[in-house]
Structure formats: structure tokens, C-alpha cells
Amino acid sequence: MKEHRNSQRYHKQDIKRQKRLIIRSSVILIAAASLFITYRFWNKSSHTQPEASPELEEGIAILKNMEAKEVMAVESEIQAVHNLTAQAEKQTSAAPQERNLNECYAASVIMGDSIAEGISLYGFLSPSNVIAKKGASLIEMEELLTTAQNLNPQNVFLYVGFNDIGHCKGDLNKFRSKYETFILKLKEALPGARIYANALFPVLDHFITECGYYSEISNCNQIVQELCTQYNLTYMDFTSLAQADSYASDGYHFKKSFYPSWLYGMAEAAGL
């Protein structure tokens, strides 16, 4: 009887040692090893499976229970890592739009027409960072270069040329000439500035119906891109941001909600 109790005590101690080993080891490897050892033991003793003793059944039950707990723990850890990764990705994508725009553009100016003017009118940037005039043509923008010189920005972001499509009545050669002249005068006025030229945003169909020349916007953007390459400017194309619900009722100006994505996009692309 005493010998049997000692045997039970040693058996329990052995199970505890197995538990510590399983926790430290891979669940799959331990399970495979256990099955392999049991199989070899049975085959050495007999070609038929022996009746399992209560102690063996108890050990197997404990092992299965521990394996189940270990699998659940691993799955829990995997899910935790997945959640942390998803959270990090969400924070990374949201982080740029949590930055203060006035800080981003502190050493920059945005030049343009009424589309650019909306940036300061809606309060996204200080008026001192926006040189814009409603309905301004490229020739009128040349008149604002003195203001840009006085500010002496490190970066200049352009949204110019939209009104010239109408003024040129769809004549692409005239558009190219006017845009090129403006670029040359801008580079002369601010030789040390980095210049970023935005592609012109598309307009809604009902605006084209009123003024058919604006069906040439994509061709004009091609000209802007070519001039950027020729004169070492950076071409920025954020036209994909302009969705149908981004526009005001006139079909070419934008709602306030449109501007943050554009401003943060330019800042990120320019490394501000």
C-alpha cells in the first residue's frame, strides 16, 4: 500500500514536470512526440492495443487539457498581435491629419485662384500663407510675385491656370505659353524656392455644358506635367480626391470638407 502511494506521488511529480516542459515547448511537436512514443511502446509490448490503465487515461486527459489551453493561449497571442498591428496601421494612417497645418506650411505659400483662396477663407491656413485671387489668370498671378518675394518662402505650391483654359478658349498652345511664362518669372523671383505645381481638378459635367473649353483639362494637365519636367518643378496630381460629393453646386469649387485631404496630401508629398 505504501509502495502504491509512492508510485502515485512519483507519477504526479512526473506529470508536473511534463506540464512545465509542454509550456516551454511547441504544442504541435509535443503532441506529435507523445503520439509517436505511445505508439512505439504499444507495438513493442503487443501487436494489439493494451487496455489503458486509469493512470494513463488520467495522464492523457491532462495532456489534452494542457494542449487545448496552450492552443487557446497561442491563438490569443496571435489575435493580440493582429489587433496591435491593426491599431498601429490605423494610427499611422491617421497621424498625418492630426498635425497642425499652419505648422506644416509655416515656410510655404500656396498661390492660385479661388480654389486656392478657399484654403484661407475656410481657415485651414493663415492668409499670409496663401497668395490667391478669385478669377486670377496666369498674367494676374505674375502681378502677385512681389508679394511672394517679400514672404521669401522655402516652398511654393501652385494651383494656377484653371481660368486660362477659358481665356485661351481651349487653345492648348496659348495655354502652354502662358503657363511657361509664369513659371520662368516665378523661378526668377524665387530662385531658391522649391516649386510644386498641382494638376487642375476636373469639373462636373454640368459645368462643361456651360463652358465646353473645360473638356480640355486633362490635356492642360499633360502640358503642366511636361513643363514641370522641363523646368525641374515637382508635379502633383491629387485629382483622384475630387469626387462628385466634393463639389459645391457650381460644379468646380469645393466644399470645406474637401480641403484637408488635399492639404495633408501636398504636405506629405513635399515632406513638410
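Contact here means that heavy atoms lie within 4.5 Å. I start my notebook with that, and with a reminder to myself that this is a predicted model.

**Entry 1: the whole chain**

I looked up how contacts are spread along the sequence. Taking contacts between residues at least 6 apart in sequence, I found that 71% join residues at least 24 apart. Next I listed the elements: the chain has 12 helices and five strands. Of its 272 residues, 35% are buried. I also noted an accessible surface of about 16,500 Å², with 53% of that belonging to carbon and sulfur atoms.

**Entry 2: helix α5**

How many of the eight residues of α5 are buried? I counted six, so to speak with the program's help, in this helix of residues 114-121, which is mostly covered. The buried ones are Ser114, Ile115, Ala116, Gly118, Ile119 and Ser120.

Then I asked what covers the buried residues of α5. The cover includes three strands, β1 (108-112), β2 (130-132) and β3 (155-159), along with helix α12 (259-270).

I checked both ends of the helix too. At the N-terminal end, Asp113 acts as a cap: one of its side-chain oxygens is 3.0 Å from the backbone nitrogen of Ile115. After α5 comes Gly123, and its phi is positive, near 85 degrees.

**Entry 3: two residues with positive phi**

A general point for my margin: most residues other than glycine have a negative phi. That made me look at two residues that go the other way.

Asn152 is not a glycine, yet its phi is positive, near 50 degrees. I found Asn152 in the loop between α7 (145-151) and β3. Is Asn152 buried or exposed? Its relative accessible area is 57%, and the cut-off for exposed is over 50%, so Asn152 is exposed.

Lys169 also has a positive phi near 50 degrees without being a glycine. Its place is the loop between α8 (162-167) and α9 (172-189). With 58% relative accessibility, Lys169 counts as exposed.

**Entry 4: Asp164**

Last, I turned to Asp164, which sits in helix α8. Why does Asp164 count as buried? Its relative accessibility is 0%, and buried means under 20%, so Asp164 counts as buried.

Which residues touch Asp164, leaving aside neighbours within four places in sequence? I wrote down Ser137, Leu138, Phe175 and Lys178. For Leu138 I have a distance as well: its backbone nitrogen is 2.9 Å from a polar atom of the Asp164 side chain.

Key
Residues numbered from 1 in each chain as written. Predicted model: local features only at pLDDT ≥ 70, side-chain atom pairs only at ≥ 80, totals over all residues. Heavy atoms only, no water. Helix = DSSP H or I, 4+ residues; strand = E, 2+ residues; numbered from the N terminus. Buried < 20%, exposed > 50% of the residue type's maximum accessible area, 1.4 Å probe, protein only. Areas by Shrake-Rupley, 256 points an atom, 1.4 Å probe, with all protein chains shown as cover. Polar contact = N/O pair within 3.5 Å; in protein donor to acceptor, adjacent residues only side chain to side chain.
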